[in-house]
Amino acid sequence: MSDLLLIALYALLGAGAAGALGAAALRVLRRRSVAVSLAVVVAVAVAAMLSGTLAVARAMFLSSHDLTVVTTVVAMAAAVSLGAALLLGRHVVLRCRELVRAASEFGEKGTFTPPAVPAPAELAALSRELVLTGERLAASRERERALETSRRELVAWISHDLRTPLAGLRAMSEALEDGVVADPARYHRQMRTEVERLNSMVTDLFELSRIHAGALSLSPARMSLRDLVGDALAGADALARQHGVRLAGGAVDRLPVEVDGKEMTRVLSNLLVNAIRHTPAEGTVAIAAERRADAVVLSVTDACGGIPEEDLPRVFDTGWRGSRARTPPSGAGLGLAIVRGIVEAHAGHADVRNVPGGCRFELTLPAPA
């Protein structure tokens, strides 16, 4: 047993010396090709075996013939191992160069096409990740283009919608100033209406800017959906009567939610106003609520006749109106964008889908614990 321990000690000392030299060589050559590193690793392994064998041979006084045999065997193994390492290194280097070339084209064209030849698992995983990154970048660029289009449309529409009431106010004020108005009271009422329209638009712009800047401050409290729906229905009742539209939603269950009451009332009001304006007379706008798993879903269904399928993904975009109309009743296209922003600030999400005769807006909010 003591001889075996002594052999192990001499072998460890010899192999350790070769390992230390190999580690130093790898540190010096760490910026070189991976093929060089593989060759060094193989050389270290063979040298460690040879040095350990030589150390044990000298300590145990092996014959010169036996030492020559062992050395020859190790040398042949070293030659074969080194050749295999160089072949492997060359294969890895070629695959790396192909990957670098594909990555370079990725930077120029914006799309990544992985090399067609087989590659080691790590390089193949890197290629797959670059493909996914390319897809995410393409989606991001598409979203950015859509947002830029929405911004341009918003600026154009807001400019028009601001200019129209301002022009009316100017004309009415000049008429009053010149004393050519037969019914000043009617002009005053109209001027007040235009001012309220301007104030509403500016308020929406300010709210949307807070949402986009992440400055929307919420004060969530536990409350019943029935109370929220009741307040929203009461606020929209006058507009519904004016348009001859029926409102339905008085039977909403008392489902608890934890939301900012003021902001969620604004959300429901925007949805109801939008639904009433697009529902023909004698139509119905209905609010419903239900519990689904760990969420509460609040829906507003109208009778607008439906939204074209190609427009559904853009409904909540800033500035979207669904038509090229520039008339003031069409609004500035901010209401639904505000709805989505407030709902997402509550860790929920807003969706829209067509139903027979109209469309349904669904607000999914997390259910309180």
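Which helix does E263 lie in? E263 belongs to helix 7, and we will visit it in the second of these close-ups of a predicted model.

**Close-up 1. Helix 5 and its buried residues.** Helix 5 covers residues 184-212, 29 residues in all. From first C-alpha to last, this helix reaches 42 Å, close to the 42 Å expected at 1.5 Å a residue. Look along helix 5 for M191, E194, L198, M201, D204, E207, L208 and I211, which are buried. In an α-helix there are 3.6 residues a turn, so residues three or four places apart point the same way. The cover over the buried residues of helix 5 includes helix 4 (121-178), helix 7 (261-278) and helix 8 (335-345). Just after helix 5 comes G214, with a positive phi of about 70°.

**Close-up 2. E263 and its contacts.** Is this helix 7 residue buried or exposed? E263 counts as buried because its relative accessibility is 7%, below the 20% cut-off. Leaving aside residues up to four places away in sequence, E263 touches E207, R210, L216, L218, I342 and H346. One of these contacts, E207, is also among the buried residues of helix 5.

**Close-up 3. Strand 3 and its antiparallel partner, strand 1.** Strand 3 takes in residues 256-259, and its side chains alternate. V257 and V259 point to one face and are buried, while P256 and E258 point to the other face and are not buried. Strand 1 (residues 221-224) runs antiparallel to strand 3, and four bridges join the two. To find one of the bridge pairs, start at A221 and cross to V259 in strand 3.

Methods. Residues are numbered from 1 along each chain as its sequence is written. This is a predicted model: local features need pLDDT of at least 70, side-chain atom pairs count only at pLDDT 80 or more; totals for chains, interfaces and linings use all residues. Side-chain values use heavy atoms; hydrogens and water are left out. The expected span of a helix is 1.5 Å times one less than its number of residues. Buried means under 20% relative accessible area, exposed over 50%, partly exposed in between (1.4 Å probe, protein chains only). Contact means heavy atoms within 4.5 Å. Two strands pair if DSSP finds at least two bridges between them.
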